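Me: Please take a close look at one part of this model for me, and then walk outward from there. I'd like it as one connected account, with the numbers left in.

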Amino acid sequence: MSPAPSWRQAAARHPLTRLILHPAITLVSLLLLFALVFFGTLYQTEHGLWEAQVKYFGYGMVLVGGFFPLPGASLVLWVLSIQLLVTMAFVLPLKVPKLGLWIVHLSIFALLLGGFITQLLAVESQMTLAEGEEGHYTTSYQDWELAVWESRGDSNHVFAYDAKHLKAGSQLDLTPYKSRIKVKAYYRNSDAFTTQATQGPAYVNPSGIGTIEQRKPDKEVTRNSPGLIFTLSEPGKPDKEILLFGMEQVPLLLTLDGKKVSMQLRLKHYPLNFSLKLTDFIKNVHPGTDMASSFESYAELKENGGSRPVKIWMNNPLRHEGYTFFQASFSQGPGFEKSTFAVVTNPGRLLPYISSLLVFGGMLLHFMLRLIPFIRKEAAP
Amino acid sequence: MSRSLLVSLAAALTLALSPSRAADAKPADSAGLGSTGVAGSLPPDHPDISAAGAALEAALGATGMPTGPGMADPHGGFVDDVPHPRPSLLPEPGPVPPAGLGKVGPLSGVAILHEGRLKPMETFARHMLLQFSGRTRYEKNNALQVMARILFTPELTGDYKIFLINNPEVLEALGVAPEKRRKYSYRQLEKSLDKLQELAQKADAVEAEKRDLVQKEVLRTYGNLVVYLNLTRTLNWALPSPNYTVTLPETRTRLKLPAEAGQVSFWDLMSRAPAIAKVLEEVGDRAQNQRSPLETEVIGLSQAMYMSSQTLMASSLMVLPSTASKDGWISPPEAVAVPAQLQAFHDELDAWHGMATAYRKGDAEGFAKSAGAFKAKVGNRAYDQIASTHFGLETLYQKGEPFYWSLVLYWLALLGTFAFFLFRKPWLYRSSLFIFLAGFGIHIAGIVARIIIMKRPPVTSLYETFPFVAAVSLLAAMVLERVYSRKRGVGIGLLSAALLGVILLSIANRYAAEGDTMRMLVAVLNSNFWLSTHVITVTIGYSACLLAGAIGHVYMVRALLPGDRTKPERLREIGKMIYGTTCFGLLFSFIGTVLGGIWADQSWGRFWGWDPKENGALLIVIWCIILLHAKQWGYIRDVGMALGSVFNAIVVAVAWFGVNLLNVGLHSYGFTEGAATKLFAFIGIELIFMLVTWVWWKVGGTGPGKPAAKVAPAEA
């Protein structure tokens, strides 16, 4: 007499479970993933990584070759994740010979989860320092902000508006200065000209830019230079028409509500609780060539009044307070050397490490558990 | 010549050739020999037009031709307004041709710094000839012999057809008649040098990724010619030259030159500088018509020496360990140009002069003696650097061409295994296996030699992955052979192994023809730990999937051939091999991909960046997962697995070097020239194979899953 089915077995036999776990769904999802990765890679060569990621590896539908619709990779991965969860919850037998499979499926789920956390929470930015320079913040690669700040003693008080909120017609209140900004135009990518527009008002601009023109966003998203035109209203004063351009080095200086205020359209800043001072940058080359054999940055990490020397070089990042600083790039010129660090915070960073080790271990275990009896059988006379 | 004498020599020459003494010989704004720099810059092996152009300009200047309007005229006063045809940049053969020498072996182990690595002259010579001609021999000469010719008797190499030009459009643009073997001599191309330079400048202005085939070929040809010309000039200072023709016996006596000497070299005169300086001093301020013939001849010689000293160019023959920096090496002309270096390297330079003289006389003994003296001197001076090299092994590797010979043996083994399947004679199987194993031994020895020579894992470039992947998949195939040969699968593993060995090593040998396969690494790859773990595991994954693909081919062919009654069982055995190998492939592709992610996370801060190469590896993983699950759930059977693993071979090819053709992403260091057509051909052939065998099998084949198969084994 067989024992009564457990709740797991009952759930496993439920029609809904069977539908969710239909092997055809898994196979089709995997085939879709295969196609998406393949076509996404091809698409990337034409349109750049950023667009390819948004299009092929996001959630929406993508038209491959402009006509063939496929769901985005994130969507497909969710379908597979749900299948994995349901399989583990109800179907996968709780038996020792299946231990390898358990580990594999569990850790693949962890891997996908890690990817999801990274997608959601990881922040990538950079910091470029000249020798002797000290950095207190990192800068985004591609996200822009409209920053408004006021110097008080030796610190700046900054208000920053994410460029995502800058759209023609949108309004921002500069409450501390009793003023208001009304956006007339915001371009993700633009060109600037010194000539004044023939029609309309002359714009206020710190670098002598007269007009900007919209451009198609670049394949490399970091090459975009946005442009912003807005009206600044302050009670009791005439409105100002202001133009700001992403590539400008100097901020616009204004007096608002009797205070001296600076304004700039800049790559988003992320402030740090500590600072990094670059003391020396060294590029080593293979003898007799220009080919670099290594890049090394020597820096001082300053925090709470104390400091310690750190070395950041290829494949050897600095990890501190959840931030990781990587040696990413450099520039050299007569009399100066600059080092650029890629800076990443990612709460899900360790998940891929753990899960992939487990997947490997699980696969090895599973294949061994199957291989050993097989070899015994084969070897038998 | 003693040291102290040398010091006085340099000083004397500087004085002797200073502007007030040789005012009629040189432009007024030039400085004396003491401050002479090195004209031009080092011509790169890979065309960098600005540097190459400078080198060529310097070479043009050296012929005494005005290279542009308003240029200071190096011959001062000798130029008329009549336009000259450009004289050859190569020395013309003299009245008495040099004897030359075949035995240049002693040159083989001379250390040279090239592309950031200290290597034996043997490697350098092969690399250069490969770069010029795509071959490691020219007619009956090996690469070292050709290199010796170029260095020591450059005037005799003008007619050597060593420059490979593949593209007929380039020839048309240059106005050169196409040759059957697509190889051209310097003299053939020299007439079009101006045109070539113009085209190269245009091509160089185009971004590297956007250059078309013609532009690439123009730049390659131009770069090769510049490098060649530069090499022909490397030892100018040591070779007899018509510029230094001594006609008067009394001059010979006065300068203690050998009585029979007509043409002498810069070095011959340099070592007699005090005597020359003495003559110049005696001349004093006397007017031209008051000088004796001897004095006039010596002044002429000193003027010629001054001119030569102005045109000494750095060369890629960096054989002198520089005293200036720890691991910088310089070429002989650079040392000759600077008195301090000349003094420091006197013995080495004298040895090169000795080699040149002996070579031109055909004196093998003298050549070996000078080469030996040079090596001993450098060996002492750069003891640490030389001690860490493996020149003996490297020379053996270069001369032995292990991957070529293993390819030959794999071919033999493949043919033998075919014969075995046809005639079923055990001796055929045994001898094929033996031949295969011999080839495999040589193959492994080649990989081990590379690890020792380069001191790094054997998978740092696209080229290196071919022998490595071949080795791993062949090893796996041999394990399969061992497991299955007891049963009904005898020969399947061997056949797959020989097939893969032939294919992969053929590709490797094609790649080797593109130049040096032992290059230095860019900074991010310069990390042995990640390199060894990530690349090795991922290539093991490639190997297994390719092996599964190879067995897939065998399965499909066996399924269609008319067979004996045990055929379905045999097929089932092959099916098991495919399944097991795919599992193995998934395991290693997955872990290799993930390790790549970890490396990327360590280096750039992101685990996954959708880089084409990463995506390629992911495609393999996904495809393996699809195959294994489809088999597990009964969507496909053995034939499906076989066809699926043939497709897996396509996926591997695309991931392995197809993505390099996309030329984007962090992995584009392994960019492959002109491989796209071959890749598409491969994909096309494999797809046709899959389609044809599948349809055929559907129509009439046998095997597990077919009704016919179920009848056949009834007896068993």
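Reply:
**An aromatic spot in chain B, and what lies beyond**

B:Tyr359 is buried, with a relative accessible area of 0%. Keep in mind that this is a predicted model. B:Phe367 is buried as well, and its relative accessible area is also given as 0%. These two residues belong to one aromatic cluster, which also takes in B:Phe152, B:Trp352 and B:Phe374.

For some context on ring pairs, the structure holds 35 aromatic pairs over all chains. One of them is in chain A: the ring centres of A:Tyr43 and A:Tyr56 are 5.2 Å apart. Their planes meet at 45°, which is neither under 30 degrees (stacked) nor over 60 (edge-to-face), so that pair is tilted. A:Tyr43 sits in helix α3 (residues 23-47) of chain A and A:Tyr56 in helix α4 (residues 49-56) of chain A, so the pair ties together parts 13 residues apart in sequence. As for burial, A:Tyr43 has a relative accessible area of 13%, which is under the 20% cut-off, so A:Tyr43 counts as buried. A:Tyr56 is buried too, at 3%.

Back in the chain B cluster, the rings of B:Tyr359 and B:Phe367 have centres 6.0 Å apart and planes at 55°, so this pair also falls in the tilted class.

Now for a polar pairing in chain B. B:Glu155 is in the loop between α4 (143-152) and β5 (161-164) of chain B. For a charged residue, B:Glu155 shows little surface: its relative accessible area is 8%, so it counts as buried. Its side chain meets that of B:Arg360 in a polar contact of 2.6 Å. Leaving out residues up to four places away in sequence, B:Glu155 touches B:Pro91, B:Glu92, B:Pro93, B:Pro98, B:Arg187 and B:Arg360.

Stepping out to the other chain, 53 residues of chain B are in contact with 52 residues of chain A. The area buried between chain B and chain A is about 4600 Å², and carbon and sulfur atoms give 72% of that. On the chain B side, B:Leu587, B:Gln602 and B:Trp610 lose the most area to chain A, together 14% of what that side buries. There are zero salt bridges between chain B and chain A, while two residue pairs are found in polar contact across the interface, both at pLDDT 80 or more.

Which elements of chain B supply at least two residues each to the side that touches chain A? They are α24 (567-604), α25 (612-632) and α26 (638-662). The top contributor is α24(B), with 15 residues. Sorted by class, the side of chain B that touches chain A has 35 nonpolar, 10 polar and eight charged residues.

One last stop, for contrast with the buried residues. A:Asn156 belongs to strand β5 (residues 155-162) of chain A. Its relative accessible area is 45%, so A:Asn156 is partly exposed. Setting aside residues up to four places away in sequence, A:Asn156 touches A:Trp149, A:Glu150 and A:Ser151. For a sense of distance, the C-alpha atoms of A:Asn156 and A:Met61 are 45 Å apart, with their positions 95 residues apart along the chain.

Methods:
Residues are numbered from 1 along each chain as its sequence is written. Chains are lettered from A and ligands numbered from 1 in the order in which they are written. This is a predicted model: local features need pLDDT of at least 70, side-chain atom pairs count only at pLDDT 80 or more; totals for chains, interfaces and linings use all residues. Side-chain values use heavy atoms; hydrogens and water are left out. Contact means heavy atoms within 4.5 Å. Buried area is the accessible area (1.4 Å probe) that two parts lose on being put together, summed over both. A salt bridge is a side-chain nitrogen of Lys or Arg within 4 Å of a carboxyl oxygen of Asp or Glu. A polar contact is a pair of N or O atoms within 3.5 Å; within protein, one must be able to donate a hydrogen and the other to accept it, and residues adjacent in sequence count only if both atoms are side-chain atoms. Helices (H or I, at least four residues) and strands (E, at least two) are DSSP runs, numbered from the N terminus. Rings of Phe, Tyr and Trp (its six-membered ring) pair if their centres lie within 6.5 Å; planes under 30 degrees apart count as stacked, over 60 as edge-to-face and the rest as tilted. Buried means under 20% relative accessible area, exposed over 50%, partly exposed in between (1.4 Å probe, protein chains only).
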